[in-house]
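Please read through the structure shown here with the explanation that follows. The text goes from one sheet to another and then to the helices and a few backbone details.

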Amino acid sequence: MDIIESGNNAAALGVLRAKAQVIAAYPITPQTPLTEKLSEFVAAGEMQAEYIPVESEHSAMAVCIAASSTGARAFTATSANGLLYMHEQVCWAAGARLPLVMCVVNRGLGAPWTVWNDHQDSMTQRDTGWIQLYCNDHQQIIDTTIKAFHLAETVSIPVMVCFDGYLLSHTYMPFDLPEQDVVDEFLPSFKPAVYLDPKKPVSLNTVTMPESRLNIHGQQAGGYMEIRNSFQQDLRASLDCWQATDERYQKLTGRGGNPFIESYRTDDADTVAVALGSLSYQLRDVIDSLRAEGLKVGVASLGIYRPFPDDAVRQAFKNVKRLLVFEKALSLGYEGPLCTDLRAALSLMDKAPVIGNRIVGLGGREIETEQLAENLRQFCRADKPATAPSWIGLRDLGA
Amino acid sequence: MSTSILNLPTEEYIYPGNRACTGCGLGIAYRIGLKAFGPDTILVVPPSCLTVLQGLYPIAATKLPCLNVVFASTAAAATGVSAALRAMGREKTNVLAWAGDGGTSDIGIQALSGAAERGENIVYICYDNEAYMNTGVQRSGTTPKGALTTTTPIVGKLQQKKDVPSIMAAHGLSYVASCSAAYPLDLYDKLIKAQSLPGTKYIHIHTPCPSGWGFDSSQTVKLGKLAVESGMVELYEIENGYFRLTGASAQLSNTKDLVPVSEYIKRQSRFRALPAAELEAMQDTVNQRWREIAPCVETA
């Protein structure tokens, strides 16, 4: 059904369709309307779920962890400092291998206070063991949220669905709301292999020693390192599962087919711009105008950032001479994190492209399309393009 | 009707040979407490001595399902278990959060207050050994004034003990109780009653700790009893706002029956730096407190 809704409501509708059973959330801008909408669904009886208005994000994730450990499908959403406040629990949820889904409505980080969009918040959680998916528009927000539950429950790993605060969360766009019977067919009810059940008592997340130990049956049980290793292997394998989830969804809805990288006019491109989220769609306008000038350029966005789709990246950029990575995040003291990951992945190629990095839009600074175009134009034309990160959009404050 | 040793359930829910220290007050409270809850119970446990007692993966000492959670989140995690049980139509299962005094009075109080304000249907037990014993005896919010710990190492703690049951009572809970590991039947009866009441129930258990307090491990029950008999610790319950002394405390109907506080203090090396004037002040505080609560004593 075609509807026009905000990005936050698109996510909430995805959670409604996915029939989450326990939702816990704490207000934070720009996420708040998402979970307000869910509380409304629950209060109105449109959704059979428990809505827990917790006293902090740390507790929101605690509720989700415990609910999932008890066998329920659980969801939360947050932004920025809320995500940072729950960081301990974010790591815990991943280590506990719980198939949670969390929307991160991307916002910059204090200090100083900012409520506006960039990607610094979700980037700080890159190495926690969560799968990270990024959405470019409203249709992708609802589709990715639904698909995230399927992926999470297939691999028993939590999934973060990231989308841009305000630019997507608070803007209204038309999109297709999948029918409930379609989603029901796509996403069977949650049946965990292990959960808290007095009939079959288990102790979850107990203290684990550096060495493997015998269990009561005399068999070796892995120590911490074996458990970590198995997690890493499953995370790497989840790339294939993500593709399978995408194919399954595509069969039912007709949408999908680019689970790792969504490319625009890259087939014959010498130079490709790379970005996460809605910025990649803004860059499509840039590509069209530079194509009109005769430059062979394209743009690509990553739909999944962790686990890093390194094979897909090498395949996508094998014929590209130059990559310019536009990022709304920064590993302070170095460069953009996506740029670092692309450099590492592409360094294995015989003819690795030259990679440049542009930091844009931090704390919601307006990203002007003409500035993007000028940077990409110069990057294409320079004999030896600069590879160190430079900032776009800084104002001249005078001497 | 009060439970006696003769009609306490014989079923055990923790295995012998667990990793609790010799003479651990928690060991007594935990064993008896689980009997009160029975097999249809899910435990939620943050880092504490109880985590150690539970055992090391892949072996566990408790015969009940247990969710180990991060330090600050016990009551929120119990909320999550309870919500999931409701969502799946399994509400009959008990949700029992069991945390230490640091995990309750300090790092866990925000989540606990939140759960209590929401009225989550959980029983929350704080076992109070009056310091961070699992990490090696650091002061906590419930460490009594004058006690030496590894972070109050010379003159002892300067501040008074935080009164967590009163804080919880201020949330308007259906049930708040103060108990002692030295009086397991009083504890058992309170836990049975707690299960029959709605919303969040808070149980505070004084659990003497031989290694942390500095007394011989054969004297755990003796110390627990002296704490109650001296009036330093009170056994009481607050049921729907109504305060009532119970068990041994109910029998101490006025201050003249109290054992001198010094009898409790002098048996513990953690109070060895306590000046005489402080001990007197401690006695005065106890006397004053008992003048206030004595009218609440119910005698048979």
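In chain A, strand β17 (residues 354–359) is joined to β18(A) by 2 bridges, and the two strands run parallel. One residue pair fixes the register: I359(A) has W391(A) in β18(A) as its bridge partner. This is a predicted model, with an ipTM of 0.96 and a pTM of 0.97.

The two strands belong to an open sheet of 6 strands in chain A, ordered β12-β14-β13-β16-β17-β18 and with mixed pairing. Strands of a sheet pair through backbone hydrogen bonds, either parallel or antiparallel. At the edges are β12 (261–264) and β18 (390–391) of chain A, each of which pairs on one side only. Helix α10 (residues 279–292) of chain A packs on this sheet, where it touches β12, β13 (271–275), β14 (297–302) and β16 (322–327) of chain A. The direction of α10 makes about 170 degrees with that of β14(A). Helix α12 (residues 337–346) of chain A lies across β13, β16 and β17 of chain A, and its run is at about 155 degrees to β16(A).

Which strands make up the open sheet of 9 strands, and in what order? The order is β9(A)-β2(B)-β1(B)-β3(B)-β4(B)-β6(B)-β5(B)-β7(B)-β8(B), and the pairing is mixed. One strand of this sheet, β9(A), is from chain A, and it is listed next to β2(B). The edges are taken by β9 of chain A and β8 (242–245) of chain B; each has a single partner strand, so one side of each is left without a neighbour in the sheet.

Where the chains join in this sheet, 2 bridges link β9(A) to strand β2 (residues 66–68) of chain B, and these strands run parallel. S203(A) stands opposite C66(B) in β2(B). C66(B) is also the bridge partner of L43(B). Strand β1 (residues 41–45) of chain B is joined to β2(B) by 3 bridges, again with the strands running parallel. Helix α3(B) packs on the sheet and touches β1, β2, β3 (94–100) and β4 (123–128) of chain B. The direction of α3(B) makes about 170 degrees with that of β3(B).

The contact between the chains takes 40 residues from chain A and 39 residues from chain B. On the side of chain A, β2 (22–25), β3 (50–53), α3 (57–70), α5 (87–95) and β9 (203–204) each supply at least two residues. The largest share of that side, 10 residues, comes from α3(A). By class, the side of chain A that touches chain B holds 22 nonpolar, 13 polar and 5 charged residues.

Chain B has an average pLDDT of 95, and 97% of its residues score at least 70. Two of its helix pairs can be described in turn. Two packed helices are described by the angle between their axes and the distance between the axes. Helix α3 (residues 74–87) of chain B and helix α5 (residues 109–118) of chain B pack at an angle of about 40 degrees, their axes being 6 Å apart. That angle makes α3(B) oblique to α5(B). In this contact T74(B), A75(B), A76(B), A78(B) and T79(B) of α3(B) meet A111(B), L112(B), G114(B) and A115(B) of α5(B). The residues comprise 6 nonpolar, 3 polar and no charged ones.

In the other pair, helix α1 (residues 25–37) of chain B packs against helix α7 (residues 184–195) of chain B at an angle of about 35 degrees, with the axes 9 Å apart. The crossing of α1(B) and α7(B) is right-handed. Residues of the contact include I28(B), I32(B) and F37(B) from α1(B), and L187(B), Y188(B) and L191(B) from α7(B). The contact of α1(B) with α7(B) has 10 nonpolar residues, 1 polar and 1 charged.

Some backbone details of chain A remain. Most residues other than glycine have a negative phi, and most peptide bonds are trans. R97(A), which is not a glycine, has a positive phi of about 60 degrees, and lies in the loop between α5 and β5 of chain A. A cis peptide bond joins G110(A) and A111(A), with omega about 0 degrees. Another cis peptide bond joins A111(A) and P112(A), with omega about -5 degrees. A111(A) is placed in the loop between β5 (101–106) and α6 (120–123) of chain A, and P112(A) lies in the loop between β5 and α6 of chain A.

Notes: Residues numbered from 1 in each chain as written. Chains lettered and ligands numbered in written order. Predicted model: local features only at pLDDT ≥ 70, side-chain atom pairs only at ≥ 80, totals over all residues. Axes fitted to C-alpha atoms, helices over the stretch in contact; angles between N-to-C directions. Helix = DSSP H or I, 4+ residues; strand = E, 2+ residues; numbered from the N terminus. Left-handed = near helix turned anticlockwise from the far one by under 90°. Contact = placed C-beta atoms within 7 Å. Nonpolar A, V, L, I, M, F, W, Y, C, P; charged D, E, K, R; others polar. Parallel < 35°, antiparallel > 145°, perpendicular 65-115°, else oblique. pLDDT = per-residue confidence, 0-100. Pairing = 2+ DSSP bridges.
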